[in-house]
Amino acid sequence: HLLEEICGNLDLQPRGSAGEYSAAVGGKWDISNKQRIGFSEAELVQKMVNGVTKLIAIEEAFAAGKSVEEVKTAFADIFAAGEPGRIDASNPKNTDEFKYRVYDTLPRMVQTSQGGKYKSLMSRYLTQDLFDKLKDKQTSKGYTLSNVIQTGVMTPHLGNGLTAGDEESWDVFAELFNPIIKAWHGFDPEKEKHRSDLNPDNVTQTDDQLKKFNEYVVSTRIRAARNISGFALPAGATVADRHGVAETLQKAFARFEGDLAGTYYDLGSMSDDQRTYLRSNGFLFQKPRPTSLLYHSGAARSWPDDRGIFHNKDETALAWCNEEDHCRIISMSKDGDVKAVFARFCALSHAIKASVEADGGKFMFSETLGFLGTCPSNLGTGLRASVMIKLPELNKNVHLLEEICGNLDLQPRGSAGEYSAAV
């Protein structure tokens, strides 16, 4: 699969001993150009030569003992397969590792339905006319259309393929964001208003339901993002923005009382023992990979500075600082008491909000779009409520489980992620 990914990004076609999608006996592969039209004969031969040259370099890196992640980082230009654009050398938010790009013309993004690599809604809705209309616009913090689309251009497999760099992005680039929001959520920002209800009394879970949940459910988890108005979002943040967010959140965590009180761990200064413990319990987030939404948006710059994780004493309330959003709040338990988990989630959100407002700040929130964040997929409530549940009979028929869940507006994930069975 990795070889196929690399070859696909290099416009090459690998064939094993039994043809396409098969392994190669003795490690021998037939590597050829993928396209047949749109290039001259000499250009296609040259593409094959250039691509194989990079394949050999990757092969030698693995032979030298490099890990997959090290290879993907070293050859980020290959795993980010889209048009590179030109480097925005004047952007003060550039780092040695990451450079913002400028797209002077609409990038060529051929969708998978037309034989290309692009799956994102951005590649579908960003027409030439819309690109021309928005390309010279920017927010007051300097976030441009090129910044919005960079991650989607350079990472063709993404579902949405664009990011907001600050609160203002949702208005300045609304003509691009709004149809994508409608396609993803079935919510029309032009006609509808978001509804928010953080009152746990409005969730019903009867005693009989709770008893049955506790027979089948191993754990419950509810999470959502919160962002602080006035600071740029991670994809467009300056060093000062990131530090300001970290200070604001740490002040909020220090004010927590009762069941919410706990400890904040700075990602860059935590001990190896702390890191191992947090990771083994699934609390710790990792640096975004080159294939993720965040990497080519700029959200992973200056890692791990001003990033960290908070958890309460009971390890049932968590908060991540400066990952995809300013703060991801998580409430969880090792049972099926969904209402109690939601109540704690609401308390966590209210406590951070109260602290921010006590210092004169506020959350990013729109009457139309609800809680604002980095990715269109996490707007509105931004909430994901999930249970880890044992379903041994339905596990025998994953497709039936997916059909049932689809009809219930639920999303099942197995041990290897979506579309897999549960081990």
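Helices here are DSSP runs of H or I with at least four residues, strands are runs of E with at least two, and both are numbered from the N terminus. The model is predicted.

**Loops and backbone**

By that numbering, P304 sits in the loop that links α12 (272–280) to β8 (308–312). The peptide bond leading from W303 into P304 is cis. Its omega is near 5°.

Two residues that are not glycine have a positive phi. E315 is one of them, with phi of about 60°. D409 also has a positive phi of about 60°. E315 belongs to the loop between β8 and β9 (317–321). D409 belongs to the loop between α14 (398–407) and β14 (413–414). Their accessibility is set out below, together with that of two further loop residues.

| Residue | Loop | Relative accessibility | Class |
|---|---|---|---|
| N160 | α7 to α8 | 4% | buried |
| E315 | β8 to β9 | 22% | partly exposed |
| T316 | β8 to β9 | 16% | buried |
| D409 | α14 to β14 | 73% | exposed |

The cut-off for buried is under 20% relative accessible area. T316, at 16%, is therefore buried. E315, at 22%, counts as partly exposed. D409, at 73%, counts as exposed.

T316 has contacts beyond its sequence neighbours. Leaving out residues up to four places away, T316 touches I330, S331, M332 and R344. A300 lies 16 residues from T316 along the chain, and their C-alpha atoms are 27 Å apart.

N160 lies in the loop between α7 and α8. At 4% relative accessibility, N160 counts as buried. Neighbours within four places aside, N160 contacts S120, L121 and M122, as well as I180 and W184. C375, P376 and S377 complete the list of its contacts.

**Nonpolar cores**

The largest nonpolar core holds 31 residues. Those with the most contacts inside this core are M122, L126, V148, I149, W170, L176 and F177. Five elements give two or more residues each: α5 (121–125), α6 (128–134), α7 (145–154), α8 (169–172) and α9 (174–185). Helix α7 contributes the most, with five residues.

V148 shows what surrounds one member of this core. Sequence neighbours within four places aside, V148 is in contact with Y143, G161, L162 and T163, and also with F173, L176 and F177. Another core lies apart from the one that includes V148, and has 25 residues. Among them are A224, F253, A317 and V356.

**The α11–α13 crossing**

Helix α11 spans residues 239–255, and helix α13 spans 338–358. Their axes come within 9 Å and cross at roughly 120°. Angles of 65 to 115 degrees count as roughly perpendicular, and those over 145 as roughly antiparallel. The two helices are therefore oblique to each other. The crossing is right-handed.

From α11, the contact is made by T248, L249, K251, A252, F253 and R255. From α13, I352, S355, V356 and A358 take part. By class, this contact has six nonpolar, two polar and two charged residues. F253 of α11 and V356 of α13 are both part of the contact. Both F253 and V356 are also listed in the core of 25 residues.

Definitions and conventions. Residues are numbered from 1 along each chain as its sequence is written. This is a predicted model: local features need pLDDT of at least 70, side-chain atom pairs count only at pLDDT 80 or more; totals for chains, interfaces and linings use all residues. Side-chain values use heavy atoms; hydrogens and water are left out. Axes are lines fitted to C-alpha atoms, for helices over the stretch in contact, and angles run from 0 to 180 degrees between N-to-C directions. Angles under 35 degrees count as roughly parallel, over 145 as roughly antiparallel, 65 to 115 as roughly perpendicular and the rest as oblique. A crossing is left-handed if the near helix is turned anticlockwise from the far one by less than a right angle, and right-handed if clockwise. Contact means heavy atoms within 4.5 Å. Ala, Val, Leu, Ile, Met, Phe, Trp, Tyr, Cys and Pro count as nonpolar, Asp, Glu, Lys and Arg as charged, and the others, Gly among them, as polar. A nonpolar core is a set of buried Ala, Val, Leu, Ile, Met, Phe, Trp, Tyr and Cys residues joined through side-chain atoms within 4.5 Å. Buried means under 20% relative accessible area, exposed over 50%, partly exposed in between (1.4 Å probe, protein chains only).
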